Structures are given as structure tokens and as C-alpha cells.
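This report describes selected loops, a surface patch and the charged pairs of a single structure. The sequence and the coordinates are shown first, and the description follows.

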Amino acid sequence: LQQNWSVKDLHRIIMNSRVYQLSSETNSKYEQVDPENRFLWRANIRRLDFEAMRDSLLVFAGKLDTAVGGQPVNLADEPYSYRRSVYGYIDRGNLPELMSNFDFSMPDQTNSKRTTTIVPQQALYLMNSPMAVDVARSVVARKEVAGQTSPLARVIEIYRVLFQRQPKQDEIKIAYQYLNVDERNLPQITDAQKKMNETLQKKMESAENDDATPMRNDGYKAIQNEGAYVVRKPLSPWESYTHALLLSNEAAYVN
């Protein structure tokens, strides 16, 4: 009443409260008294939805387009857009399979709450998607990561970019072990680069020869972004390590 029923003021009060800013760290004493967290002595861990996860990936890469307003973009297909997911185009009659895998609500039905599932397709997307691979490359190419001369400093900077914290001693040890193994296996995958590049070249030539010019929006086909395809080439050990961190629970959950 004092704020004239302002929803914005209500949001400000809630978000500045101590309860809202609590972390999800547990406390053995409180855990015994209130194991279900009914009194909100900590934050509840929650998983990012598809839109928040995609925007987080773009933030990691340092490529998120923060422009406000404009035309919708295709979130599922290459060439990928760097616009925020709120500007994603949704076809009510043909929801992309990618978004269905991440529990996106059916746009032709009334839904009061989005369901939450954990299915293999979600992990497979992060493992195989050219967009996720490109994010891993972009993280390693960021100046605060690429500018480090020692492996330890580089691991620390990668953790700061992805998790906003310092790595623990066990995590640093695991990083060294992963990088050593990946460097030994690198010669075995370099032969795949030629085949990957040939596949990409054929795909781009097919797009250029299409009479409908799918690389541009003609008003009759599904929205297609304009831009370049992700380069297909084997990941370096550092890129592979960063890609592995993108698959961790810490990258998919809000703590």
C-alpha cells in the first residue's frame, strides 16, 4: 500500500532481502532442525531452464548480444544467433526437437508450470552441439584465459569464467590429469579434421545453391539466421577440458 501497489518495488524488496541472497550451502545444524528447508535458511538448488542455459553459454563465450528489441531469431539451427533467448522464434505447429528435449512447454496448450525432466538428449546436446563446442573455444580464446602463461593460472581463469569461483586443490589435480591424457590422444584425432571440414563445405555449398536461399529470410520459410557456420576441427586439450566443464552439474544448476 505504501508503494502504491508497485510490482517493481515489491521485486526490489524481495531481491534485496537476506533470504533471497542466501547461497545453497548446507549447515549440518540447520539440516537436522529443518531438513526440508521450510524456513528458508538456505537457497534451494534449481536447474537452469533451456533459455537461461543458452544465455549462460553465450555469456561464457563473451558473445551475448544485449540489444533490446528487434526481430526474432532461430535458436536451434546454424548459423547461430547471439541474441538473448527471449527473442527466439517459436513455431506453434513445429516446435524444434531441441527445445522439446529441454522441457519447453507446448506453445499450443495452456501450461501453468513447465515440467522438468533429465533425459540423455540434454547431455548429448552439450556433448555434440557445434554451439557448445564453439563456446568452449571462445572461453579459451578470451584474453583473461589465453593471456595466462602458466597452466595453473589458466585453470583458475577458466573456473572464474564458468563458475565464478576459485578451483579446489582436487579440481586442479583433475585438470592436470585430463590435460595430460588429452595431449597424448591428440594425434589420434587430427585425421578427423579433414573429414569434418569436407562435411561443412558440402553443407555450405548446398545452402548457397538452394534456389530458396535458406540463408536469408524470405517470409515463406522458417526463420533462418544470417551468419557463419561453426568451424569443424578437433578441439585442443584446453578446449576439450573447458568443454568437459560445460557438462558439469555446476554449469547447469543455480547454487
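In this predicted model, Gln166 is situated in the loop that links helix 8 (151-163) to helix 9 (169-189). Its relative accessibility is 43%, which places Gln166 in the partly exposed class. Although Gln166 and Ile156 are 10 residues apart in sequence, their C-alpha atoms are 6.0 Å apart. With neighbours within four places in sequence set aside, Gln166 contacts Ile156 and Arg160. The side chains of Gln166 and Arg160 are joined by a polar contact of 3.0 Å.

Helix 8 also contains Arg154. The relative accessible area of Arg154 is 18%; because buried means under 20%, this residue is classed as buried. Beyond residues up to four places away in sequence, Arg154 touches Val145, Ala146, Gln148 and Trp238. With Gln148 there is also a polar contact, in which the Arg154 side chain reaches the backbone oxygen of Gln148 at 3.2 Å.

A second loop of interest connects helix 3 (50-61) and helix 4 (97-101), and Asp65 lies in this loop. Asp65 has a relative accessible area of 29% and is therefore partly exposed. When residues up to four places away in sequence are not counted, Asp65 touches Tyr82, Arg83 and Arg84. A polar atom of the Asp65 side chain lies 3.0 Å from the backbone nitrogen of Ala67. Asp65 and Asp55 are 10 residues apart along the chain, with a C-alpha separation of 9.5 Å.

Asp55 in turn takes part in a salt bridge with Arg54, in which the closest N and O atoms are 3.6 Å apart. Both partners are buried: Asp55 has a relative accessibility of 18%, and Arg54 has a relative accessibility of 2%.

The surface also carries a nonpolar patch formed by Leu10, Ile14, Met15 and Tyr20, whose accessible area together is about 400 Å². One of these residues, Tyr20, lies in the loop between helix 1 (7-15) and helix 2 (28-33). Tyr20 is partly exposed, at a relative accessible area of 49%.

Helix 1 also holds a charged pair, Arg12 and Asp9; because these residues are 3 positions apart in the helix, about one helical turn separates them. They form a salt bridge, with 2.6 Å between the closest N and O atoms. Arg12 is partly exposed, at 44% relative accessibility.

The structure holds 9 salt bridges, among them the three pairs tabulated below.

| Salt bridge | Closest N to O distance |
|---|---|
| Arg12 and Asp9 | 2.6 Å |
| Asp55 and Arg54 | 3.6 Å |
| Glu144 and Arg142 | 2.6 Å |

In the pair of Glu144 and Arg142, the side chains meet in a salt bridge at 2.6 Å, N to O. Glu144 is partly exposed at 27% relative accessibility, and Arg142 is likewise partly exposed at 22%. Elsewhere, Arg165, Glu171 and Glu250 are joined into one network by salt bridges that share partners.

Notes. Residues are numbered from 1 along each chain as its sequence is written. This is a predicted model: local features need pLDDT of at least 70, side-chain atom pairs count only at pLDDT 80 or more; totals for chains, interfaces and linings use all residues. Side-chain values use heavy atoms; hydrogens and water are left out. Helices (H or I, at least four residues) and strands (E, at least two) are DSSP runs, numbered from the N terminus. Buried means under 20% relative accessible area, exposed over 50%, partly exposed in between (1.4 Å probe, protein chains only). Contact means heavy atoms within 4.5 Å. A polar contact is a pair of N or O atoms within 3.5 Å; within protein, one must be able to donate a hydrogen and the other to accept it, and residues adjacent in sequence count only if both atoms are side-chain atoms. Patches are made of residues with over 30% relative accessible area and no salt bridge: like charges are joined within 9 Å, nonpolar side chains (Val, Leu, Ile, Met, Phe, Trp, Tyr) within 5 Å. Accessible areas come from the Shrake-Rupley method with a 1.4 Å probe; for residues, only the protein chains shown count as cover. A salt bridge is a side-chain nitrogen of Lys or Arg within 4 Å of a carboxyl oxygen of Asp or Glu.
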